[in-house]
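Hello,

Here is the structure I promised to pass on to you. Have a look at it first, and then read on for what turned up.

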Amino acid sequence: MDVAADPLSFLRERTSMKWRSYPPDVLPLFVAEMDFPLAEPIQDALVAAVRRSDTGYIAPANGLGAAFSGFAGRRWGWRVDPEQVTSTTDVSVAIVETLRLRIRPGDAVVITPPVYPPFFDLVPEAGGRVIAVPLLSGQAGWNLDLDGLERAFIDGARCVLLCNPHNPVGHPHTVEDLVALAELAARYGVTVISDEVHAPLTYGDAVFTPYLCVSAEAAEHGICVTSASKAWNLAGLKCAVIVTGSERMRGLVSALPVEVGWRTSQFGLIAGIAAWQHGEPWLGGVITALQANRLLLAGLLDAQLPGVGYRQPGAGYLAWLDLRSLGWGDDPALVALERGRVALSPGPKFGLPGLGYARLNFGCSPEVLGEAVSRLAASV
């Protein structure tokens with residue numbers, strides 16, 4: 001099915017963070033929120049819930065695990081036991097709560113910058129200490145620094161926060177890297193918490209592999225946290241899942257406080273079930289639109305900002321732009337906003353490898369994307 005972004009005049013009626021953080025003359029291409037209309041099956045499910053005044057607490061047997069299991073099986077051939085799926089508020093809460101199960105105050109937790117900025121805050125919130133092992137970047141793409149990870153494990157790191165596909169570079173980690181990480185985790189007794197929220201938005205020329213299904217070691221030492229929020233634009237509805245693949249890890253997650261599950265939003269749960277059960281045609285249309293924008297952005301940059309580095313992502317709607325050639329300093333997003341009235345995510349927030357970079361959200365109309373690049377080019 002065809003899915004097109006809403007017009008800018010209509011989008012500015014939204015009251016979410018994306019549309020209320022800056023004045024109306026700014027094009028907001030920063031936060032990970034798309035401009036497409038909500039999928040009809042999700043609209044219908046939410047409207048029906050309102051009409052029956054279905055606004056209470058979530059039921060213990062709610063069907064969310066079965067809905068996610070069905071989607072994972074169809075999408076990735078991943079056999080998920082619905083009984084090993086636990087719900088909570090959002091992916092960030094899932095990360096904090098699972099970290100608390102595995103670390104003591106002051107324990108080291110590895111993250112792999114450039115990476116989703118809240119990772120830097122979620123680790124200390126859980127009582128841990130951040131150790132950065134940056135991704136390796138080469139002509140062939142991105143890879144985990146397995147030697148660096150092993151050194152961190154030898155030095156006592158207890159957990160790894162994996163981002164797969166990786167935000168902001170849009171890289172689904174290879175099976176080879178994931179298997180090697182799982183072997184290291186098993187050898188050193190490390191837990192891998194894999195944030196896979198961007199996985200449904202993987203393109204046809206890339207391959208996403210769920211961490212828990214790459215090996216027995218991954219299932220024994222890993223936890224997946226994910227949500228329908230990014231792929232179907234449901235961040236405000238607050239529902240995520242914690243998925244395990246072994247009895248050992250299932251037993252660990254069963255020790256979470258009961259309130260972790262009760263904090264799931266009823267509307268988020270209803271929307272998530274609708275997305276995973278009936279949202280794939282809409283998702284296919286969105287991926288088609290995003291693939292076109294991914295290519296369009298490459299062409300626009302080549303024509304108007306040829307010095308800007310951009311590697312097309314394999315998943316998601318986020319572009320990691322190397323703006324160092326423009327001479328806009330460590331945080332070029334400041335210049336983009338001041339001169340061009342385009343709001344980008346500041347690269348330094350993603351860690352030291354983000355100096356001179358910015359993240360651009362191309363989950364918008366081609367017209368908005370074209371206007372944004374034109375503004376940036378005029379700002380040079």
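In strand β8, Thr191 is the bridge partner of Cys159. This pair belongs to a set of five bridges that join β7 to β8 (residues 191–195), and the two strands run parallel. Please keep in mind throughout that this is a predicted model. Between the two strands comes helix α8 (residues 175–188), and β7, α8 and β8 together make a right-handed β-α-β unit.

How much of β7 is buried? Five of the five residues of this strand (residues 159–163) are, so β7 is largely enclosed by the rest of the structure. Side chains in a regular strand alternate between the two faces of the sheet. In β7 both faces are covered: Cys159, Leu161 and Cys163 are buried on one side, and Val160 and Leu162 are buried on the other.

β7 also pairs with β3, again in the parallel sense, over two bridges. There, Val109 stands opposite Cys159. β3 (residues 108–111) in turn pairs with β4 (residues 129–132) through four bridges, in the parallel sense, and Val110 has Ile131 as its bridge partner in β4. Helix α6 (residues 119–125) completes a right-handed β-α-β unit with β3 and β4.

On the β8 side, four parallel bridges lead to strand β9 (residues 222–226), where Cys224 stands opposite Ser194.

Put together, these strands belong to an open sheet of seven, in the order β2-β10-β9-β8-β7-β3-β4, with mixed pairing. Its edge strands are β2 (85–88) and β4, each of which pairs on one side only. From one strand to the next, the twist averages 25°.

There is also an open sheet of four strands, with antiparallel pairing and the order β11-β12-β15-β14. At its edges are β11 (309–310) and β14 (345–346), each pairing on one side only. Inside this sheet, five bridges connect β12 (residues 318–322) with β15 (residues 357–361) in the antiparallel sense, and Ala319 stands opposite Leu360.

Now to the charged side chains. A search of the whole structure finds 16 salt bridges. Which parts does the one between Asp205 and Arg294 tie together? Their closest N and O atoms are 3.1 Å apart. Asp205 lies in the loop between β8 and α9 (216–221) and Arg294 in helix α14 (residues 280–304), so the pair ties together parts that are 89 residues apart in sequence. The two ends sit in contrasting surroundings: Asp205 is exposed, with a relative accessible area of 58%, whereas Arg294 counts as buried at 6%.

Another salt bridge joins the side chains of Arg14 and Asp6 (3.4 Å, N to O), and both of these residues are buried. Asp6 and Arg14 are also linked with Glu33 in a network of salt bridges. Asp54 pairs with Arg52, with the closest N and O atoms 3.0 Å apart; Asp54 itself is partly exposed, at 24% relative accessibility.

One last feature is on the surface. Tyr57, Val258 and Trp262 form a nonpolar patch there, with about 400 Å² of accessible area together. Trp262 lies in helix α12 (residues 258–262) and is partly exposed, with a relative accessible area of 36%.

Best wishes

Methods:
Residues numbered from 1 in each chain as written. Predicted model: local features only at pLDDT ≥ 70, side-chain atom pairs only at ≥ 80, totals over all residues. Heavy atoms only, no water. Pairing = 2+ DSSP bridges. Right-handed = clockwise from strand over helix to strand, strands pointing away. Buried < 20%, exposed > 50% of the residue type's maximum accessible area, 1.4 Å probe, protein only. Patch = residues over 30% accessible without salt bridge, like charges linked within 9 Å, V, L, I, M, F, W, Y side chains within 5 Å. Areas by Shrake-Rupley, 256 points an atom, 1.4 Å probe, with all protein chains shown as cover. Salt bridge = Lys/Arg side-chain N within 4 Å of Asp/Glu carboxyl O. Axes fitted to C-alpha atoms, helices over the stretch in contact; angles between N-to-C directions.
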